[in-house]
Amino acid sequence: MLLHVQDPLQQAHKKILLRTVDTDVLVLAVAFLQQVTEGEHLDLWVAFGTGSNFRYIAAHEIATKLGQEVSKALPVFHAFTGCDTVSCFGGRGKKTALEAWKSYPDVKDAFLALAHKPLEVSSRCVEHLERFVVLMYDRTSSKTSVNDARKQLFAQKGRALYAIPPTRAALVEHAKCAAYQAGYCWGQALVPSPVLPSPQDWGWKIGDGVWTPFWTTSDVTKSC
């Protein structure tokens with residue numbers, strides 16, 4: 001849909017409306033507005049939802065308020081915290097994740113590093129993502145490692161297994177899935193014929209012709 005926004009823009013249309021019920025489209029509209037317009041002004045509206053939940057959303061106003069870097073990081077944040085192809089964190093929704101981002105703005109560096117065709121999920125990215133996930137589960141924690149946070153929340157605070165972060169090994173595979181979706185699939189939203197690497201290198205495995213998530217390299221499993 002974002003690819004086709006460029007057509008009316010090239011014909012000097014300055015107000016464009018997208019109709020969708022998919023949150024992904026809204027996220028991408030905000031993230032890619034600057035690239036679509038190439039500096040020109042555009043009022044990009046999104047007619048979103050159905051029934052009593054239907055509303056018009058000004059994607060251009062959101063992009064302006066967030067700023068270019070945060071807007072660009074938004075698809076990775078959206079994929080990492082759960083979308084159609086990437087699992088979510090148990091009991092932790094977008095609002096909780098957004099509050100964790102506000103508490104730890106440095107995670108933006110990891111989101112930006114994975115936003116467009118990353119070569120890998122670097123150890124530095126994982127460090128940022130670990131701290132971000134820890135804060136999603138415990139805003140008061142000083143831990144930087146999800147494994148340490150798991151131990152603390154389970155042993156000292158009596159949290160159930162579903163209410164503690166995933167292991168680091170599981171988090172790495174989760175980050176790969178998010179990077180593939182946001183950095184390669186969505187990251188090439190303006191490319192007519194995008195080239196994608198094998199999902200097998202990005203947190204997926206294939207068996208009997210069916211792709212499924214590769215959850216972890218660790219014997220201790222907790223899906224995220």
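Are F77 and F132 buried or exposed? In this predicted model, F77 is buried, and F132 is buried as well.

**View 1. The aromatic pair of F77 and F132.** The structure holds ten aromatic pairs. In one of them, F77 and F132 meet edge-to-face, with 6.4 Å from centre to centre and 65 degrees between the planes. F77 belongs to helix α4 (residues 68–80) and F132 to helix α7 (residues 123–137), so their contact ties together parts that lie 55 residues apart in sequence.

**View 2. Surroundings of the F77 ring.** F77 and F132 are also members of a cluster linked by ring pairs, together with F80, F89, W101 and F111. K94 lies over the face of F77, at 5.9 Å from the ring centre.

**View 3. The aromatic pair of Y184 and W202.** After the buried pair F77 and F132, this view turns to Y184 and W202, whose rings form a tilted pair: 5.5 Å centre to centre and 55 degrees between the planes. Y184 lies in helix α9 and W202 in the loop between α9 and β4 (204–207), so this pair ties together parts 18 residues apart in sequence. Y184 and W202 are both buried.

**View 4. Helix α9, residues 168–185.** Helix α9 has 18 residues. From its first C-alpha to its last, α9 reaches 25 Å, close to the 26 Å expected at 1.5 Å a residue. Of the 18 residues of α9, 14 are buried, so the helix is largely enclosed by the rest of the structure.

Notes
Residues are numbered from 1 along each chain as its sequence is written. This is a predicted model: local features need pLDDT of at least 70, side-chain atom pairs count only at pLDDT 80 or more; totals for chains, interfaces and linings use all residues. Side-chain values use heavy atoms; hydrogens and water are left out. Helices (H or I, at least four residues) and strands (E, at least two) are DSSP runs, numbered from the N terminus. The expected span of a helix is 1.5 Å times one less than its number of residues. Buried means under 20% relative accessible area, exposed over 50%, partly exposed in between (1.4 Å probe, protein chains only). Rings of Phe, Tyr and Trp (its six-membered ring) pair if their centres lie within 6.5 Å; planes under 30 degrees apart count as stacked, over 60 as edge-to-face and the rest as tilted. A charge sits over a ring if NZ of Lys or CZ of Arg is within 6 Å of the ring centre and within 35 degrees of the ring normal.
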